[in-house]
Amino acid sequence: MTTTTGPTAVTGSVGVAHTRVEGRDKVTGAARYAAEIPFTDLAHGWLVLSTIARGRVTSVEAEPALAMPGVLTVLHHGNAPRIDVHYQGLMGSPDPVVGVFQHDRVPFVGWPVALVVAETSEQAREAAETLVVHYAQEPHDIAFFAGRPGSYTPEADGMHTEKGDLEAQLAASAHVVDAQYTTPEEHHSPMEPHAATARWDNGRLELVDSNQGSNWIADELTKVFSLEPGSVRVRSEHVGGAFGSKGLRVPQVLAAMAATVLDRPVRVVLTRRQMFSLVGYRSPTAQHVRLGADPDGRLRALDHQALNLSSTVHEFVEPSAGFARPMYDADAHRTHTRVVRLDVPTPTWMRAPGEAPGSFALECALDELAEKCGVDPIALRLRNEPEVGPVSGLPFSSRNLAACFEEGARRFGWAERDPRPRVRREGRWLLGTGMAAATFPVLVGPATAGVTAEADGTFTVRIAAADVGTGARTALTLIAADALEVAPERVRVQVADSDFGFAMIAGGSMGTRSWGWAVTAAARELRDKLVPGVDIPAEGITAKADTGALLGTLTQKERHSYGAQFAEVAVDVATGEVRVRRMLGIFAAGRIINPLTARGQLTGGMTWGLSMALHEEAVRDQATGAPVGPDLAGYHVAAHADVPHIEADWVDDPDPDDPVGIKGIGEIGIVGAAAAIANAVWHATGVRHRHLPIRPDRVIEDGVSEDRVTAAGGGSA
């Protein structure tokens, strides 16, 4: 045993930039991801996906594949073990696509129809590519558009909110905006593909995968395979991006299924093309916004309606209209969400679900209203700041959006902006600036954490958090160090093991807030246990905390992060090319734990917003129902050359109801970014673009020609 003086009075780690604690491992290759961890006697599975959009499988010619070198088995609906997907898990009922090979129905192109397992991945792939599957094909329907027949209002809370007489207030308004906006299908495209390896060890199923919550996946697999609680262990030490896509997916289920059949470890890794069918995506949206205002821009009416699609087998809602609910006050206020079920894969959560597409529509509509009223876009928004939640009537925990506007305008040079469109020019480039507001709800979930004082004077934190590339380990290290009053170098954080107990998933910008709360509580309890001068035994002294009961005492409030996005663009009058020259985001997002990784999160989100505005657009072939170009060559994302100088910063905004002051930053960076760019394109060209992405062909078709510029008398900057 070693004598310790206990924690020393070292504080102030939170808020100080700190390099990632696992950074060296990642850049040297020592950090291994789900598909890289070795297993003895490992077999490899390769998926075969349907080539029809609707129908059923009539037969699978497995015998020729089974005769190929190294092939161990071919699983399909005719021989697969029975599993259960009719349950309610942490996030509701699962997408039936994870109920693989349980029937012969095919509801969309890319539905799993077989898994070939072989000694090597090359053997499995060769056999999978030769496997013949026969279908009975049926007519399919994938057409999505505004006003699509057959849509309905989901039964979930918040799908329809209304106060006041909307039509009367619109009729009484001096200025009205009535416009349709659309956003396309978009995909997560994390660098690391989805992968899982499963094996049985002494009657317990062990899984190594890439996920957003190891407890979540362990609980789901327990239900899927009808196992006893505690009989599944899931680990996911390093994750190469997730963005909402890495929940329970086909690889985990198939790896476990094949490991059960073969009684040996099995690994299943999705290809990039398979990810376009099996891991979800952001639904396209069709949004209708109506705004009515007095001459000075005060809102009398706000109506935000949104339509998204889902699959025929599972309902997913992209709650775009929800963005309007906490943002602006109006005498009459309505938000409404509708869904249409089509023969397509099920969408899922994607960074800032709802808020990302919803902010594009509403923040562009606000810009149009500002133009009609002759009011500065920032002044218009400030004029409609609510005192309480516009729909809920609840008080705000804090609302520092105005501070974001003020600081952003100062640093961006907004005061020098000529509000007239099409007046700045450099050669063939038209220049413009735009802005938009951002918000995302502040959420928190229960978590358990354990903190151990080790005999060598260090401290070990164990929590089933998921570090999906955001720097969660480092943030939790700083939080624990401050709670223990020690230097960060004395703290080691272990994450992503379901055996550590329940912890909320990494999603909804609530990971660090949820985990930090539990780590703080456990660390403080441990401090009370330690006595200076008393020996710590070899096994250490541990304290644990569970925040479940504590969170139930939180009072009801409107809790949100906020931001102000600014962009400057240049538009080529000859080619229609749009170049973003600079972006600035100022955020009010709670206490910032690690400025280094936080700034990376925010600028990463803003870059994604640029990509959303100008590039990202997945297209489906109406004839086949399949995605066109389902890879990173056909699905365009912003490359390095597209990304200008991007600056992200924040105002002081600690949450008074959180023990560390955390709100959350994972989503807020993308919200409003596309709208700021679209508004800047209008300012440059005088043409509104209400449909994303703002492609060069659309810019040309909408009239940004040299003749029009000359006729408009556009001058040079």
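**Exercise 1. Find which elements cover the buried residues of helix α3 in this predicted model, and work out how those residues are arranged around the helix.**

Solution. Begin with the cover: what lies over the buried residues of α3 includes β2 (43-49), α2 (63-66), β4 (71-76) and β6 (112-118). Next, identify the residues that are covered, which in helix α3 (residues 121-130) are Ala124, Ala127 and Ala128. Looking down the axis of α3, one finds these buried residues within an arc of 100°, so they line one face of the helix. A general rule helps here: an α-helix has 3.6 residues a turn, so residues three or four places apart point the same way. Finally, turn to the other side of α3, where Glu122 and Glu129 are exposed.

**Exercise 2. Determine whether Cys364 and Cys404 take part in disulfides, and whether each of them is buried or exposed.**

Solution. Start from the whole structure, which holds zero disulfides. For Cys364, the nearest cysteine sulfur belongs to Cys373 and is 16 Å away, whereas a disulfide would need the two sulfur atoms within 2.5 Å. Cys364 has a relative accessible area of 3%, and because the limit for a buried residue is under 20%, Cys364 is buried. For Cys404, the nearest cysteine sulfur is that of Cys364, at 19 Å, and Cys404 is likewise in no disulfide. With a relative accessible area of 0%, Cys404 is buried too.

**Exercise 3. Describe the surroundings of Gly563, beginning with the element that holds this residue.**

Solution. Gly563 belongs to strand β24, which runs over residues 560-572. Its relative accessibility is 0%, so Gly563 counts as buried. Leaving aside residues up to four places away in sequence, Gly563 touches Leu401, Cys404, Ala436, Ala437, Ala438, Ile586, Phe587 and Ile668; one of these, Cys404, is the buried cysteine of the previous exercise. A further step compares positions along the chain with positions in space: Gly563 and Val671 are 108 residues apart along the chain, and their C-alpha atoms are separated by 8.3 Å.

**Exercise 4. Locate Asp497, and state which residues surround it.**

Solution. Asp497 is found in the loop between β21 (491-494) and α12 (511-529). Although this residue lies in a loop, its relative accessibility is 6%, and so Asp497 counts as buried. A polar atom of the Asp497 side chain lies 2.9 Å from the backbone nitrogen of Asp499. When residues up to four places away in sequence are not counted, Asp497 touches Ser214, Arg233, Val234, Arg235 and Ala464.

**Exercise 5. Examine the aromatic rings: how many aromatic pairs are there, and what is the geometry of the one formed by Tyr181 and Phe360?**

Solution. The count comes to seven aromatic pairs. In the pair of Tyr181 and Phe360, the ring centres are 6.0 Å apart and the planes stand at 90° to each other; angles over 60 degrees count as edge-to-face, so this pair is edge-to-face. The two partners come from distant parts of the chain, with Tyr181 in strand β9 (residues 175-183) and Phe360 in helix α8 (residues 355-373), 179 residues apart. Both Tyr181 and Phe360 are buried. Elsewhere, Phe412, Trp414 and Phe566 form one aromatic cluster. Two rings also have an arginine over them: the charged end of Arg620 sits over the ring of Tyr281, 5.6 Å from its centre, while Arg688 lies over the face of Trp682, at 4.1 Å from the ring centre.

Conventions:
Residues are numbered from 1 along each chain as its sequence is written. This is a predicted model: local features need pLDDT of at least 70, side-chain atom pairs count only at pLDDT 80 or more; totals for chains, interfaces and linings use all residues. Side-chain values use heavy atoms; hydrogens and water are left out. Rings of Phe, Tyr and Trp (its six-membered ring) pair if their centres lie within 6.5 Å; planes under 30 degrees apart count as stacked, over 60 as edge-to-face and the rest as tilted. Helices (H or I, at least four residues) and strands (E, at least two) are DSSP runs, numbered from the N terminus. Buried means under 20% relative accessible area, exposed over 50%, partly exposed in between (1.4 Å probe, protein chains only). A charge sits over a ring if NZ of Lys or CZ of Arg is within 6 Å of the ring centre and within 35 degrees of the ring normal. The arc is that of the directions from the helix axis to the C-beta atoms. Contact means heavy atoms within 4.5 Å. A polar contact is a pair of N or O atoms within 3.5 Å; within protein, one must be able to donate a hydrogen and the other to accept it, and residues adjacent in sequence count only if both atoms are side-chain atoms.
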